[in-house]
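Please open the model in your viewer and display it as a cartoon. The stops below each suggest a selection and state what may be found there.

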Amino acid sequence: MDKISIAAPSNIALVKYWGMSNSQLTLPCAPSLSMTLKYCVSHCTVEPIPGARADQILWKPASGPLIPAEGDMRRGIENHLARLRRHLNYHVPLRIATSNNFPTGAGIASSASGFAAVALAFAQLCTGKTPAADLSLLARMSGSGSAARSIPGGYVLWPANATDLDSPAQRIATAAHWPLADLIAVVDSTPKPVSSLEGHRRAASSPFFNTRLGLLPDRLLRVRRAIEQRDFNTLAETVEQEAIELHIIAMTSLPPIFYWLPATLQVLAHVRKLRHDGLKVCATMDAGPNVHILCEATESEAVLAELKGSAAVQEWIIDGAGDGPTRLDQHLF
Ligand code: PMV
C-alpha cells in the first residue's frame, strides 16, 4: 500500500485547557477555544510493513536525517498507536516518522500538531476517510487534549460537556473570517521543564482553580463574540487576562510550575506598551516561556518592526490563522 503523509497544524489557545476531569478519556474541566496556525506544522508519514515483528518509529530532527524516536516521544507515539489500533481495529505493523518545522516541547503545541498528524495519517491509512468529528476524538486519545483542536481548522471550540468520548472539537469560524497574525517570540527553544500532562494533573491543587472555573464561561463567551464580531480590543484584553491566569494556576499548584522566564516578562511588557501607544496587539502564552503576539494580519509588519530589535527574543516565527490539516505528496522516507 502507498505511503500516506499528513501535515497537521499547531494551534494557539485563546481560552486555555488546563485541568482534566477524566485523565483516562482526556476530558477537560472546562471548554477551550483556539486559533489554528498555518505554518507551524507537524508532518507524519506512515506505511504498513506487513510481516514485520514491530513498528519502526522514526523522528526527523530540525537538521539531519531520520533517526529512531526515543524516550518520551517514542512512548507517546507507541501509546497513541495502541489506542488508535484498538479503536480502528488495524494491527499491521507500521513504519511511521514525524517531524516538526518549529521547536518541539517548548510551548508551541508540538504535541497537538504531532498527535493530530499521527491520528490523521493512521486513520487515512486504515479507513481511507474518517469523519472530522471522529478524527478529533482520535487525536485526543493521545492524551494531548489540544490535539483535538488541531483537526477542524480555523477558530475551534472544544466543549467540555461530555461524559464519555463524544466531545469533538468544532470549527466556529474559518481563518478567512478573521485573518489574525501570530508572531511567536521564541525566548527559549529548549523543552519545557514540566509537561502539560503533569500541569493538568496539578491544576486542581491551586487554591485559585475553582475561582478560575467560575470565571471561564463568561470569558469563553466574550472571546467567542470577539471572534464573531472581529472585535480586537475585547479579544486583546480577555486573551491576555486568560493567559496570565493559566500561569497563576501553574505557579500556585502543588508543587508549583514556573514556565515564565525573565525574557517572557520583557516581551509581555513591550506588547503592553505598544498597545498603550495605540497599536492593536496582545499576547498569550501556552505552557512554556515563549510569547504568541496576536494582531490583525494587516498590522503584523508594523508590530514586528517595533518588536524585532528586542534582545529578549532568540527567534521569531511568523504565523497566523490557518485552515487545518492537509495531505502531502512529499514523504519523510
Ligand atoms: O493538550 P495538552 O495536554 O498539550 O495541554 C495543552 C495546554 C495548553 O497549551 C497550556 C493550553 C491549551 O489549551 O492548549
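Which residue of strand 4 does Ala-7 stand opposite? The residue is His-43. Note at the outset that the model is predicted.

Select strand 1 (residues 4-15) together with strand 4. The two run antiparallel and are paired over ten bridges.

Keep strand 4, residues 32-48, selected and colour by accessibility. Of its 17 residues, 15 are buried, so that the strand is mostly covered, given that buried denotes under 20% relative accessible area.

Add strand 7 (residues 94-100), which is antiparallel to strand 4 and joined to it by seven bridges. Within this pairing, Thr-45 has Ala-97 as its bridge partner. Next, add strand 8 (residues 155-158), also antiparallel to strand 4, with four bridges between them. Here Ser-34 is found opposite Val-156.

Now move to a second region. Select strands 11, 12, 10 and 13, which in that order form an open, antiparallel sheet. Its edges are strand 11 (281-284) and strand 13 (315-320), each of which pairs on one side only. From one strand to the next, the twist averages 25 degrees.

Focus on strand 10 (residues 180-186), which pairs with strand 13 in the antiparallel sense through six bridges. Ala-185 has Trp-316 of strand 13 as its bridge partner.

Finally, show the helices. Helix 6 (residues 232-251) lies across strands 10, 11 and 12, at about 25 degrees to strand 11. Helix 7 (residues 262-276) packs on the sheet and touches strands 10, 11 and 12; its direction makes about 155 degrees with that of strand 11.

Note on methods
Residues numbered from 1 in each chain as written. Predicted model: local features only at pLDDT ≥ 70, side-chain atom pairs only at ≥ 80, totals over all residues. Heavy atoms only, no water. Pairing = 2+ DSSP bridges. Axes fitted to C-alpha atoms, helices over the stretch in contact; angles between N-to-C directions. Contact = heavy atoms within 4.5 Å. Buried < 20%, exposed > 50% of the residue type's maximum accessible area, 1.4 Å probe, protein only.
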